[in-house]
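Visitor: I am new to protein structures and would like to learn how to read one. Could you walk me through this example?

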Amino acid sequence: MMPDLILPSPAKLNLFLHIVGRRPDGYHELQTLFQFLDYGDELGFTLTPERPGVRLAEPLAGVPDTDNLVIRAAHALMGQVSAPLTGVTIHVRKRLPMGGGLGGGSSNAATTLLGLNHLWQLGLNLDELADLGLSLGADVPVFVRGHAAFGEGVGEKLTEAHPPEDWFVILKPACNINTGKIFSEQGLTRNTPRIKIAPAFEGDASRYRNDCEDVVRKLYPEVNQSLDWLSQFGPARLTGTGACIFGRFPTESAARIIWESKPSGVTGFVAKGVNISPLHKKLTELE
Ligand SMILES: C[C@@](CO)(OP(=O)(O)O)[C@H](O)COP(=O)(O)OP(=O)(O)OC[C@H]1O[C@@H](n2ccc(N)nc2=O)[C@H](O)[C@@H]1O
Ligand SMILES: Nc1ncnc2c1ncn2[C@@H]1O[C@H](COP(=O)(O)OP(=O)(O)O)[C@@H](O)[C@H]1O
């Protein structure tokens, strides 16, 4: 059966990620530049008037349904309204590697919040949805707002940004990295000076850096090797706490040439960086 609504759930990159301090609760204060990719998962929503509640069409491998950010986002939204809501089945077409620093789970949560707000005609605004999203994860608000952004705090204080919309080769080295483990490493750089004038910095990709990179290179030889390989063709960086890395190219064909020559055993994709989320583009078309 055709879903009632199909929406994209794009990936993000952290074009740079600076750790500028630590809060009393141990969480790290970041300064980061988020950009979306025109590549990601897809969520299909099918209304089920005969069956109330929210469910997944199929479970995600390794993620119990109650932990799935799609279900958690739907429940968070249902908690905001007292009126009875039509049942819905959500199909997740996964293309993004999980736990790779591309924000797939957070993006799925945001797509669910906006998709159900639309289907159920709840009328919540983006501020309300971003607040709900933050309770699910630090990366959810930027996906809810849908504009490339300079993020501060844990990534939830967002200022719209306009980095160049280049092409990227994204590589997924064959290892999984736990975000909590990286943030608890003793050798992590935690004292990068704060950037005061973000727009001046955004335009200069040669200054982009990820403070997790040194620690991740030491702990994960697969990431180290992939970064060394991709760096031959230009600056290559880690996104989030990894394991995915990206290299920047001015054109699609330049990116594809490098992609075709990647070492065996490494997966990934080629995608364009975009400053307006594909999710918001699609929702605007529906209005
Ligand atoms: C690093 C970033 C950058 O975009 O992305 P990913 O690599 O996850 O995509 C995010 O800030 C990830 O935020 P979020 O998704 O909420 O982090 P979680 O996986 O819940 O964090 C796991 C653990 O890492 C530590 N943690 C996380 C974020 C942060 N700013 N400081 C921390 O110290 C905390 O101990 C937390 O319990
Ligand atoms: N719908 C979902 N998609 C992906 N991961 C999910 C989802 N729901 C829960 N998770 C959990 O969230 C973790 C982080 O996933 P993800 O957001 O894709 O990576 P990252 O935060 O590294 O960018 C996964 O390892 C998985 O256990």
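Guide: Happily! Let us begin with burial: a residue counts as buried if 20 or more other C-beta atoms lie within 10 Å of its own, as exposed if 12 or fewer do, and as partly exposed in between. Please keep in mind that this is a predicted model.

Visitor: What percentage of the residues in the protein chain is buried?

Guide: Buried residues account for 42% of the 287 residues in the protein chain.

Visitor: Is T48 buried, exposed or partly exposed?

Guide: Count the neighbours. T48 has 14 other C-beta atoms within 10 Å, so it is partly exposed. This residue belongs to strand β2. Leaving aside residues up to four places away in sequence, T48 touches G87, V88 and T89. The C-alpha atoms of T48 and D4 are 10.0 Å from each other, while 44 residues separate the pair along the chain.

Visitor: What can I say about the overall form of the chain?

Guide: One check uses the radius of gyration, taken over C-alpha atoms. A compact globule of 287 residues would have a value near 19 Å, and the protein chain agrees because its own value is 19 Å. The C-alpha trace spans about 55 × 45 × 35 Å along its principal axes. In secondary structure, the protein chain has 10 helices and 10 strands. Contacts add to the picture: of those between residues at least 6 apart in sequence, 74% join residues at least 24 apart.

Visitor: How is the chain divided into domains?

Guide: Domain 1 takes in 5-161 + 275-286, and domain 2 takes in 167-273. Taken over C-alpha atoms, their centres are 23 Å apart. Where they meet, 25 residues of domain 1 are in contact with 30 residues of domain 2. On the domain 1 side, the elements giving two or more residues are β1 (5-22) and β2. The most come from β1, with 10 residues. By class, that side of domain 1 has 13 nonpolar, 10 polar and 2 charged residues.

Visitor: Which domains do the UniProt annotations name?

Guide: Both come from an unreviewed entry, so treat them as labels that may be inferred rather than shown by experiment. The UniProt annotation "domain: GHMP kinase N-terminal" covers residues 68-146. That span is 52% helix and 9% strand, and its end C-alpha atoms lie 21 Å apart. The annotation "domain: GHMP kinase C-terminal" covers residues 209-259. Here the span is 51% helix and 16% strand, with end C-alpha atoms 22 Å apart.

Visitor: Where does ligand 1 lie with respect to the two domains?

Guide: To place a ligand, look at who supplies its shell. Both domain 1 and domain 2 give residues to the shell around ligand 1, so this ligand lies between them. Of the 18 residues around ligand 1, the nearest are H28, A138, G180, F183 and G240. Elements giving two or more residues to this shell are β2 (28-48) and α5 (179-183). By class, the shell has 5 nonpolar, 12 polar and 1 charged residue.

Visitor: And which residues come closest to ligand 2?

Guide: They are L69, G99, G104, G105 and N108, out of 18 residues that surround ligand 2. Two or more residues each come from α1 (69-78) and α2 (104-119). The largest share, 4 residues, is from α2. The shell around ligand 2 divides into 7 nonpolar, 10 polar and 1 charged.

Definitions and conventions. Residues numbered from 1 in each chain as written. Chains lettered and ligands numbered in written order. Predicted model: local features only at pLDDT ≥ 70, side-chain atom pairs only at ≥ 80, totals over all residues. Near = placed C-beta within 6 Å. Nonpolar A, V, L, I, M, F, W, Y, C, P; charged D, E, K, R; others polar. Domains from an automatic or database assignment. Rg over C-alpha atoms; globule rule 2.2 N^0.38 Å. Contact = placed C-beta atoms within 7 Å.
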